[in-house]
Amino acid sequence: QKKLTRRKKMEKKFYHSKKFWASVIATAVPMLNHYFGWGWNANDITTIVTPMIAYILGQGLADLGKNKK
């Protein structure tokens with residue numbers, strides 16, 4: 001039962017996660033472009049969003065390796 005308590009203390013809130021905020025921004029950019037009419041085309045959106053997606057996937061894989069230890 002001590003392990004559960006210790007693990008719970010170690011886990012941070014999801015909104016403190018850089019991966020969470022990267023996913024929020026990657027999702028918001030196309031929607032904000034549409035809503036505010038910034039005039040960015042699909043290539044512009046892809047250029048902005050692709051590195052964020054790569055970051056999220058890369059960090060997710062790194063976290064999997066870290067959590068296996």
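**Note on the salt bridges and surface of a predicted three-helix chain**

1. The side chains of Lys66 and Asp63 form a salt bridge, with an N to O distance of 3.8 Å. The model is a predicted one, and the distance is computed from its atoms. Both residues belong to helix α3, where they sit 3 residues apart, or about one turn of the helix. The 3.8 Å separation counts as a salt bridge because the cut-off is 4 Å.

2. Asp63 has a second partner. Lys19 also forms a salt bridge with Asp63, and here the closest N and O atoms are 2.4 Å apart. Lys19 is in helix α2 (residues 18–36) and Asp63 in helix α3 (residues 42–68), so this pair ties together parts that are 44 residues apart in sequence.

3. How many salt bridges are found in the whole structure? The search gives 2. Lys19, Asp63 and Lys66 are linked through them in a network. As general background, side chains of opposite charge can pair when their charged atoms come close.

4. The accessibility of these residues deserves a separate point. Is Asp63 buried or exposed? Asp63 is buried, at a relative accessible area of 18%; it falls in that class because the limit is under 20%. Lys19, at 25% relative accessibility, is partly exposed. Lys66 has a relative accessible area of 54% and is exposed. A reader who inspects the network will therefore find a buried Asp63, a partly exposed Lys19 and an exposed Lys66.

5. On the secondary structure, the chain has 3 helices and 0 strands. In order from the N terminus, the elements read α-α-α. Helix α2 covers residues 18–36 and helix α3 covers residues 42–68.

6. Of the chain's 69 residues, 13% count as buried. The accessible surface of the chain is about 6,300 Å², and carbon and sulfur atoms account for 63% of that surface.

7. Which residues make the nonpolar surface patch of about 570 Å²? They are Leu32, Tyr35, Phe36, Trp38 and Trp40. Leu32 lies in helix α2, the helix that also holds Lys19. With a relative accessible area of 34%, Leu32 is partly exposed. Leu32 can be part of a patch at this value because patch residues need over 30% relative accessible area.

Terms used:
Residues numbered from 1 in each chain as written. Predicted model: local features only at pLDDT ≥ 70, side-chain atom pairs only at ≥ 80, totals over all residues. Heavy atoms only, no water. Helix = DSSP H or I, 4+ residues; strand = E, 2+ residues; numbered from the N terminus. Buried < 20%, exposed > 50% of the residue type's maximum accessible area, 1.4 Å probe, protein only. Areas by Shrake-Rupley, 256 points an atom, 1.4 Å probe, with all protein chains shown as cover. Patch = residues over 30% accessible without salt bridge, like charges linked within 9 Å, V, L, I, M, F, W, Y side chains within 5 Å.
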